[in-house]
Amino acid sequence: MADSEDCCSTHLIDGDGTFNSSGLEAFMKTVKLSECGLSYAVVSIMGPQSSGKSTLLNHLFHTDFREMDAFKGRTQTTKGIWMARCTGLEPCTIVMDLEGTDGRERGEDDTAFEKQSALFALAVSDIVLINMWCHDIGREQAANKPLLKTVFQVMMRLFSPRKTTLLFVIRDKTRTPLENLEPVLREDIQKIWDSVPKPDAHKETPLSEFFNVEVVALSSYEEKEEQFREQVDKLRQRFNKSIAPGGLAGDRRGVVPASGFSFSSQEIWKVIKENKDLDLPAHKVMVATVRCEEIANEKFASFLMNEEWIEVEDAVQSRSVTGFGKKISSILDTCFSGYDMEAAYFEEGVRSAKRKQMEGKFLQVVQPAYQSMLGHIRSGTLEKFKEAFDKALRGGQGFAAASSSCRESYSKQFDAGCADAYIKQANWDAARVKEKFRRDIDAHITDVRTSKLSELRTSFEKKLNDALSAPIEALLDNAGDDTWPSIKKLLLRESEKAVEGFSAALTAFDIDEEEKDNMLSGLKDHARVAVEGKAKEEAGRVLIRMKDRFTTLFSHDSDSMPRVWSGNEDIRAITKTARSGSLKLLAVMAAIRLDDFADNIESTLDLALIETKPASKELNDALASSSWEKVPASQTLITPAQCKSLWRQFKTETEYTVTQAISAQEACKRGNNWLPPPWAIIALLVLGFNEFMTLLRNPLWLLLIFVAYLLAKAVWMQLDISREFRNGFLPGILSISTKFLPTVLNILRRLSEQGQRPASNDSPRNPVLTSSNSFVGDNNNMASSAAHAKAQ
């Protein structure tokens with residue numbers, strides 16, 4: 001706060017109504033008000049005595065008005081009207097502190113000065129602060145409503161209209177939001193304005209032509225001083241440059257220049273003092289209002305400090321309290337009875353109105369605890385219902401029977417809990433909570449029902465998938481003319497079986513026929529979708545299956561025995577048969593044939609891909625298409641263009657198998673034809689006749705030839721000449737040339753070992769022949785082993 005030199009506090013009008021003209025002149029000189037022109041603002045405050053008006057002004061404008069000493073009691077502090085200059089604000093702002101209304105010092109009937117001072121403040125001020133308690137909103141007297149009504153009426157009769165801002169300052173703000181308090185206050189002000197008799201010139205004039213109404217709220221100075229100071233500092237900012245356009249002072253029509261402020265103020269006060277017709281509502285009503293308010297506040301404070309209430313309030317935050325309704329009703333009944341006893345001799349209308357306000361205030365505090373109690377009852381009963389319902393289902397009870405019995409039982413429990421929480425003074429209806437509880441039960445039953453039905457359906461769908469998957473895969477693997485008819489039979493059989501079991505399981509859920517039919521139809525649709533999905537999956541592996549089928553048909557005979565390419569097989573015919581079988585598989589898997597429609601896929605593929613004749617333009621166009629004739633697009637697995645591409649890839653990847661078979665056949669033929677041609681044999685006999693005769697004349701040559709034959713045969717068998725020449729003449733010669741010399745040396749070594757052994761009686765007469773025979777036997781064994789390995 002500023003010192004007296006800064007704010008220049010001056011007693012403008014004393015308690016007897018005497019205007020201090022000299023003091024005002026001195027004040028104007030000190031603050032140099034005359035130099036301000038129109039750049040100044042006047043702010044005044046009015047309100048009940050001891051309501052903290054001076055305290056508010058001192059904090060808001062840094063003045064030094066005398067404040068009430070709370071330790072000396074609630075007595076009159078400000079007498080008459082005081083004025084001071086506000087420091088630290090632009091423009092120059094004059095503040096007037098008015099004597100409080102409803103003071104006991106003036107008595108019940110002497111209210112003329114209150115009316116005069118209030119009217120003076122409205123006449124000279126740009127901004128009038130109406131100081132009022134938060135709990136007084138809605139009261140006829142404590143909010144100065146009768147006073148304002150009189151002031152409005154007299155002001156229009158005495159003075160020319162000027163725009164004044166009424167700033168209602170709500171003190172000791174409670175939890176009720178300002179957004180809820182302000183509309184009530186504005187509505188009351190408008191009603192006062194509408195009820196005031198007006199001159200003909202202003203009968204249709206709105207309140208906004210005379211006043212700007214603003215509302216602010218401040219916390220309790222004694223209980224929340226820090227918060228109060230912060231809010232006051234924020235409010236002070238609104239008074240800075242208050243007369244600027246859009247400022248708090250607003251439109252100041254007919255404002256008096258600063259140099260004429262003293263004369264104008266004196267004339268205004270003179271007119272007000274001479275007016276004897278002003279009248280305000282009886283002071284008796286105001287006293288009743290204040291006193292009943294004090295009694296109500298005392299009862300409310302005692303209720304907040306009641307130990308039983310504190311205990312119940314704390315307990316209900318975390319759990320349900322048994323006997324909640326009876327306990328709270330008893331506490332409220334004690335408080336209300338005490339109010340009725342102490343306020344019995346005050347004015348009945350005020351007493352009843354304040355009791356109603358007090359009840360609302362009490363119930364506003366109790367209601368959160370009541371709602372918490374209902375919440376605990378609802379959540380606790382709902383959890384018990386869920387546990388009982390789940391236990392009944394696990395025990396094998398039908399879904400419909402379990403839901404019905406549990407719903408009925410726990411709804412009764414919830415109703416009993418609500419009855420226990422009932423507060424007789426409040427008469428609150430728990431219908432909405434009950435309805436929410438029933439909705440929660442229904443929602444849980446619906447969720448469980450949906451979950452159980454989903455599990456049931458999933459179970460049958462899985463069984464359908466297992467029953468269809470492997471058989472369909474086997475049928476498509478052995479694709480033929482009866483593949484799709486067999487799949488249709490399989491689908492029909494398994495679908496009927498699943499639908500029958502699903503329908504029997506649904507009877508426990510008590511669902512209507514339409515929903516049941518939809519679920520059964522959905523299961524049938526799932527079966528078809530599963531078949532189509534499996535067919536699409538297998539179609540993605542069609543190339544592998546075509547190659548497997550080709551390999552099977554090409555490499556095995558009609559008895560499923562592996563083919564040995566001996567040279568007598570018709571590889572061309574075998575290849576065509578194997579390819580036709582693979583093409584058959586491609587045609588079967590090209591489209592889904594669960595519906596009754598005929599197609600020409602197989603014939604089109606056969607004519608275009610198997611036949612040796614060049615394909616016609618129509619066939620080429622058919623295979624270049626993205627759809628099959630007479631086949632819906634949704635049923636197509638492999639398009640014609642894809643079939644053509646797959647067939648080209650298939651032929652490329654199986655060409656090697658055919659080539660290998662042809663090479664093996666030719667090699668076999670070469671291995672079986674190692675003798676010279678017949679003409680060479682005849683020429684050899686004719687040309688070698690003389691040499692043959694020479695051998696007959698000399699038997700020694702025959703012996704040498706026989707020995708040479710045995711050695712040659714041993715070498716032949718040892719080297720397996722016929723096997724070496726099966727891969728061709730040149731490879732055979734190269735292989736034999738590398739093995740010939742080691743083989744001959746081995747034979748000679750073994751003959752040498754046989755000759756060095758001592759003769760015995762069992763020794764064979766012809767050791768050379770014996771050795772040769774042993775070599776022949778060894779070579780035969782080696783040849784047999786080689787042949788067996790090749791067969792393997």
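These legends accompany close-up views of a predicted model. Local features are reported at pLDDT of at least 70 and side-chain atom pairs at pLDDT 80 or more, while totals for chains, interfaces and linings use all residues. Residues are numbered from 1 along each chain as its sequence is written, and side-chain values use heavy atoms, with hydrogens and water left out.

**View A. Helices α10 and α11 pack against each other.** Here α10 spans residues 307–316 and α11 spans residues 324–342; helices are DSSP runs of H or I with at least four residues, strands are runs of E with at least two, and both are numbered from the N terminus. The packing angle is about 145° and the axes are 10 Å apart (axes are lines fitted to C-alpha atoms over the stretch in contact, and angles run from 0 to 180 degrees between N-to-C directions). The crossing is left-handed, meaning that the near helix is turned anticlockwise from the far one by less than a right angle. From α10, Glu308, Trp309, Val312 and Val316 meet Phe324, Lys327, Ile328 and Ile331 of α11, where contact means heavy atoms within 4.5 Å. By class, this contact has six nonpolar, no polar and two charged residues.

**View B. A salt bridge links arginine 355 and aspartate 340.** The closest N and O atoms of this pair are 2.7 Å apart; a salt bridge needs a side-chain nitrogen of Lys or Arg within 4 Å of a carboxyl oxygen of Asp or Glu. Arginine 355 sits in helix α12 (residues 348–394) and aspartate 340 in helix α11, so the pair ties together parts that are 15 residues apart in sequence. The structure holds 31 salt bridges.

**View C. A nonpolar patch of about 790 Å² lies on the surface.** Its makers are Phe692, Leu696, Leu700, Trp701, Leu702, Leu703, Leu704 and Ile705. Patch residues have over 30% relative accessible area and no salt bridge, and nonpolar side chains are joined within 5 Å; areas come from the Shrake-Rupley method with a 1.4 Å probe. Helices α23 (689–697) and α24 (699–719) each supply at least two residues, and the largest share, six residues, comes from α24. Leucine 702 is placed in α24.

**View D. Two loops carry backbone features worth a look.** Glutamate 90 and proline 91 are joined by a cis peptide bond, with omega about 0°. Proline 91 lies in the loop between β3 (81–85) and β4 (92–98). Histidine 62, in the loop between α3 (53–61) and β3, has a positive phi of about 60° although it is not a glycine.

Definitions and conventions
Nonpolar A, V, L, I, M, F, W, Y, C, P; charged D, E, K, R; others polar. Patch = residues over 30% accessible without salt bridge, like charges linked within 9 Å, V, L, I, M, F, W, Y side chains within 5 Å.
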